[in-house]
Structure formats: C-alpha cells, structure tokens
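Subject: Structure handover

Hello,

Here is the structure for your work. Please open it first, then read the notes underneath.

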Amino acid sequence: MTTSTSSPAASSGSASRQVTVGLAERSYTVHIGHGVQRLLPQVVAALGARKAVVVTARPPERTPDPGVPSLVVPARDGEEAKDLAAVTDLCRRFVGFGLTRSDVVVSCGGGTTTDTVGLAAALYHRGTPVVHVPTSLLAQVDASVGGKTAVNLPEGKNLVGAYWQPAAVLCDLDHLDTLPEREWRNGLGEIARCHFIGAPDLDRLPLLDQIAASVTLKAGVVAADERDSGLRHILNYGHTLGHALERATGFALRHGEGVAIGTVFAGRLAGALGRIGPERVAEHREVVARYGLPIGLPPDVSVLELVELMRLDKKATDGLTFVLDGPEGAELVRGISEETVGATLAEMPREPEG
Ligand SMILES: NC(=O)c1ccc[n+]([C@@H]2O[C@H](COP(=O)([O-])OP(=O)(O)OC[C@H]3O[C@@H](n4cnc5c(N)ncnc54)[C@H](O)[C@@H]3O)[C@@H](O)[C@H]2O)c1
Ligand SMILES: [Zn+2]
C-alpha cells in the first residue's frame, strides 16, 4: 500500500509531501520539499543510530548534518566512480570509523552515488540502514526510491547489485538550484513517461507535485512488485529504445532524453499495432514536447543499428519486447517483429542537426 500526504515543511514554512513506500516492516517515507534534508537528525534518531557515515558528492555547505557523531566521506557522481572498487573503499571507511549495523549510512548525490552507497550499505555487515538524500532530479524521482542498488562492471552497467530498501529518502528541492540544464532534461524525461503509466497530466502541476506524483507512482509499483517479477516492468516505459539511443550516440544523449524519444516511439508503435488510436499516439508527442524534450531521433543514428541494439539488449529470440500502452493501460508486449519496429522507427521525425 502506498499513501501520500502533505504537510508544512519542518523548517522552511513551504509545503512538503510525504510518500510512504508500503513494504510491511520495511516501509519507509519519502519526504519531498524545500529544506527537507533538515529532517535528517530526526530520521537518524528514530533509527536509534549512534553514529553515521555521510557519503557526499555535494560541497560541505550542501551536505546534510545527521545530528550524531559522523564521518563525512567525499564522493564523486558519475558512472566511472560507480564500481565495486568504490563499494570496497566505502566499506573500509565504515570499518575504520567503527560503524555498526545499528548505525546508519547516508548518501547525498546523484543516482550514481545513491546506487553505490546503497550497495555498500546493503553489503556492510549484511545490511546496514541507509538514508538517501538524492540531489539530481532523476535521483529524486527514480533512482533513490525502490531499493534497487547496483554498480557497473567493465562488461556493462548495473551488473552487480542487491535489493536494499532505504530507511528514508529526503528529496530536498533546494539541491536542484544548482542542477545544470542537461540534468533537468534527464529527470524530466523520467517524469514525462509517468503520464502513460498511471500519472496523467503531471506536466500541468508545480514541480513539487510532479516529483511527488512520480515518486507516488514508483512507490505503488514497488510496493506491488518489489523484486521485478511483473508490474515493475512498466517503469521501463520508453526505455527499450531509450537505452539503444544512449548507446548509439555513445552516451551523448542523456538517459532521460533517450527515454523521452523512446516514449514518443512507444506511442507510435502502440498505434501501429492497433493498441491505441491516433489521438493517444499524438498525446505521446505532445506531452514530451511540453517538457521541452526531444521528440525525434537524432539526425545521424541508423534505424538498422537501433534495431540491432534493441535485439542485443534483451537477447530477444522471437521479436522484440516493449512496454506499450493499450486498452488496459501499459503492459509488457513480447514478440513484436523487427519489421514493424523498423518501419515505425523509419517514420519517426528526426531532430535537426547540431
Ligand atoms: N536504483 C534505481 O532504481 C535506479 C533508477 C534509475 C537510475 N539509476 C541510476 O542512476 C544513475 C543516474 O543518476 P543521475 O542522473 O543522478 O546521475 P549522476 O549521479 O551521474 O548525476 C548526474 C550529474 O548531475 C550532477 N549533479 C547531481 N546533483 C547535482 C546538484 N544538486 N547540483 C549540480 N549538479 C548535480 C552530477 O555531478 C552529475 O554530473 C545511473 O547510474 C542509473 O543506473 C538507478
Ligand atoms: Zn530510466
């Protein structure tokens, strides 16, 4: 079960939202609003932790205070630093500081940091409480919520991980003040796709409500399918093509931009398969465009390469798999022929050069 409530923020006087991720004894609250990282001492006290290690990719003045004796470990966001060596380093810092499994680890950074620190916490003493303070929009609406943690291997992204639910998540909107334009787009792509998986008309709401609604949607899906055995697939809306686009452009396209284009494509493919009508297809383009996100393929990627990448990505043997809209809402659709996918891709608009 997932609940969502509003209340005045602890200290800023502005509104905040609380979303509960309902997982029985592992349930937790996601606090969303300006200044909510000031709730950290309260959260840490409630856990009964006597010490904290705060792993932070943000500058000291932006790093939250846990209110108990703490070790602050500076970190760097980015896929390069998201590896097993970083997990080992962190665990060794925990030992050096005398952290016990009754204490707490705090992550403060983008999704790469919340993923790495989350995995370190999952492994340290076979599981030590972790509180995430996500600082990018993408980490606030997606990466920090749901308990999936992972790091990269040279062979590929997110290949080593664990499910480890945080004890709380503090999505402090103040962090977004310094977020570069490109990282806004990254997060907005994930918000835009929520429109088609159960949270319509988000784009007309204030940012706080958009983040809260995206988190509420994810919380509901996670509560129903914590370990990815069914419903959680719908969170991959727009992602099959999105991942292929990221790779085809050598990651010049940010993840959320790929998801945005992938969402437009998912609408067209659902239309081509007769699952939705032309108005709903157009709605995909309109929603993505309203976020100022790209709606067409980059000028120089080939349809053949994209089909190839999607085939490899899912190791599909009999057609390709997409999450597609339909009369019953979004669902996983298998066995879509490469011809249909290729033809629909060929009809996609192209973004201008440059
Ligand atoms: N565990 C999950 O369920 C899940 C879900 C989605 C994504 N992820 C993971 O999340 C990662 C992507 O997260 P991300 O987009 O946050 O990447 P990231 O951590 O690399 O951060 C993106 C960029 O934003 C910068 N940044 C972050 N916060 C900032 C701030 N407040 N001000 C200025 N700059 C800031 C970072 O320094 C970095 O350059 C990927 O590794 C992905 O696999 C995990
Ligand atoms: Zn995503």
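H239 and H255 are both buried. That is a statement about a predicted model, as is everything below. The two histidines matter here as zinc donors: each gives its NE2 atom to the zinc ion (ligand 2). The third protein donor is E190, through OE. Distances from these donors to the zinc ion run from 1.9 to 2.1 Å.

Along the sequence, the spacing of the donor residues reads E-x48-H-x15-H. The histidine pair links distant parts of the chain, with the two positions 16 residues apart in numbering. H239 sits in helix α7 (residues 239–248), and H255 in helix α8 (residues 255–272).

Now ligand 1. How many residues surround it? The count is 24, and the closest are E79, G111, T112, S136 and T178. What is the make-up of that shell by class? It holds 10 charged, 10 polar and 4 nonpolar residues.

Some polar contacts to check in your viewer:

- D115: a polar side-chain atom is 2.9 Å from a nitrogen atom of ligand 1.
- K148: a polar backbone atom is 2.8 Å from a nitrogen atom of ligand 1.
- K218: an N or O atom of the side chain is 3.5 Å from an oxygen atom of ligand 1.

How much of ligand 1 does the protein bury? Taken alone, the ligand exposes 850 Å², and 82% of that is buried by the protein. Three elements each give two or more residues to the shell: α3 (111–123), α4 (137–143) and α5 (181–194).

On annotation, UniProt lists residues 75–185 as "domain: 3-dehydroquinate synthase N-terminal". The entry is unreviewed. Over residues 75–185, helix makes up 35% of the chain and strand 27%. The end C-alpha atoms of this stretch are 23 Å apart.

One more residue, E308. It lies in helix α10 (residues 303–314). Is E308 buried, exposed or partly exposed? Its relative accessible area is 37%, so E308 counts as partly exposed. Buried would need under 20%, and exposed over 50%. From E308 to L137 the C-alpha distance is 31 Å, and the two are 171 residues apart in sequence.

Best wishes

Methods. Residues numbered from 1 in each chain as written. Chains lettered and ligands numbered in written order. Predicted model: local features only at pLDDT ≥ 70, side-chain atom pairs only at ≥ 80, totals over all residues. Heavy atoms only, no water. Donors = N, O, S within 2.8 Å, 3.2 Å for Na, K, Ca; no water. Helix = DSSP H or I, 4+ residues; strand = E, 2+ residues; numbered from the N terminus. Buried < 20%, exposed > 50% of the residue type's maximum accessible area, 1.4 Å probe, protein only. Near = heavy atom within 4 Å. Polar contact = N/O pair within 3.5 Å; in protein donor to acceptor, adjacent residues only side chain to side chain. Areas by Shrake-Rupley, 256 points an atom, 1.4 Å probe, with all protein chains shown as cover. Nonpolar A, V, L, I, M, F, W, Y, C, P; charged D, E, K, R; others polar. UniProt positions renumbered as here; feature names shortened; annotations may be inferred.
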